[in-house]
Amino acid sequence: MSRDRSPRRLRRLDRRVLIAASMTALSLTASGCVVVHGEREVLPATTRAEAAKALQQFTTAYNAADKAYDSSLDAAHVTGALGDIDAARLKAGHTNYPSGNPNYAPLELTDAKFTIPKKAGWPRWFLADAAANKGGSARWLLVFTRNDLSEPWQVAYLTLLAPASVPKFRTDKDGWAEAVPANAAELAVAPGDLSKRYATYLKSGGTDFADGAHTSAWRADREKATKPGLAVQFLDEPVTNGDYAPLALRTADGGALVFYTTRYFQKETAATGTSVPAQNKDVQALTTGAVQQSLTLQLMSNQVALDPKRGGKVSVLGRIEGLTSAQGG
């Protein structure tokens with residue numbers, strides 16, 4: 001008797017096994033009641049085959065949305081900080097080019113590597129690390145998440161890193177990674193506190209973060225932003241709830257790679273008799289109200305950081321931000 005071992009059938013079986021293991025099982029017997037809660041089972045977030053499928057589905061949807069400048073085409077595949085940044089980018093593009101993206105070039109992701117943690121409860125999530133035809137030699141790191149088996153996988157975080165900056169992760173004998181809880185006390189900063197501490201650092205400085213392009217250098221750039229006739233103010237806010245929650249993977253050295261979100265406002269106020277510098281057409285497309293003496297920009301920013309063991313300093317490795325709205329005044 002022959003057996004069908006085609007890749008398609010194996011993927012179906014693989015997914016069925018994962019779903020079956022994740023569901024709650026209830027068994028009543030004469031000797032008593034046995035209850036197994038799926039939400040308490042420590043399981044891989046997904047299979048490698050399903051992770052590859054999710055990456056392909058994201059890429060297809062992203063390209064369709066980018067070509068048409070239509071956020072409805074990839075809305076089911078993005079969420080959190082990336083969802084906000086992507087939707088605003090597409091909105092601006094559609095306003096300026098209603099017939100679609102005149103400079104469209106499809107995104108191609110290759111050489112994908114998947115880091116899939118074992119964990120209990122929701123959300124389930126995993127990291128895809130891929131080469132791309134955009135961004136030079138940088139690796140694209142995409143964090144996929146979902147809150148229920150009935151939901152599609154969605155990308156909540158995206159950042160680009162040089163290949164040498166991607167750390168090695170701790171894995172078990174089967175290759176599954178370790179998710180780090182938000183309240184992990186053994187790290188320099190608990191992942192759940194990173195967004196707030198980063199917002200505080202950008203305002204006041206401090207010792208939590210190592211010097212770098214997204215910490216000390218960015219603070220220095222902000223201090224230089226105010227010029228004669230133009231005052232520039234910044235206000236940073238932590239964003240930590242729902243699909244904006246930080247997600248962390250244990251690195252081989254015992255630290256963690258943490259993805260987290262912040263929001264910030266940049267207000268430009270012109271002196272009497274002068275005006276706010278002209279903005280490009282993408283900013284104009286997202287601006288409400290007449291720009292007279294001031295313009296307030298709202299931006300979402302997602303960061304990825306190496307969070308070492310307690311006693312070290314957090315290194316912010318990458319940051320992608322995007323304008324989500326602007327208000328004239």
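This passage describes the confidence of a predicted model, one open sheet with its packed helix, and one hairpin.

Residues are numbered from 1 along each chain as its sequence is written. In this predicted model, local features need pLDDT of at least 70, side-chain atom pairs count only at pLDDT 80 or more, and totals for chains, interfaces and linings use all residues, while side-chain values use heavy atoms, leaving out hydrogens and water.

The protein chain has an average pLDDT (the predictor's confidence in each residue, from 0 to 100) of 90, and 88% of the residues score at least 70. Residues 1–38 have a pLDDT below 50; this stretch makes 34 contacts (heavy atoms within 4.5 Å) beyond near neighbours in sequence.

Four strands (DSSP runs of E, at least two residues, numbered from the N terminus) form an open sheet in the order β4-β6-β7-β8, with antiparallel pairing (at least two DSSP bridges between two strands). Its edges are β4 (109–115) and β8 (154–161), each paired on one side only. Within the sheet, β6 (residues 124–132) and β7 (residues 139–146) are joined in the antiparallel sense by seven bridges, and Phe126 lies opposite Phe144 in β7. Helix α2 (residues 48–68; helices are DSSP runs of H or I, at least four residues) packs on this sheet and touches β4, β6, β7 and β8. The direction of α2 makes about 135° with that of β4 (axes are lines fitted to C-alpha atoms, for helices over the stretch in contact, and angles run from 0 to 180 degrees between N-to-C directions).

Strands β11 and β12 form a hairpin with five residues between them, and Gly254 in the turn has a positive phi of about 95°. Four bridges connect β11 to the antiparallel β12 (residues 256–270), with Leu249 opposite Leu257 in β12. From β11 (residues 247–250), Leu247 and Leu249 point one way and Ala248 and Arg250 the other, all being buried (under 20% relative accessible area, against over 50% for exposed and in between for partly exposed; 1.4 Å probe, protein chains only).
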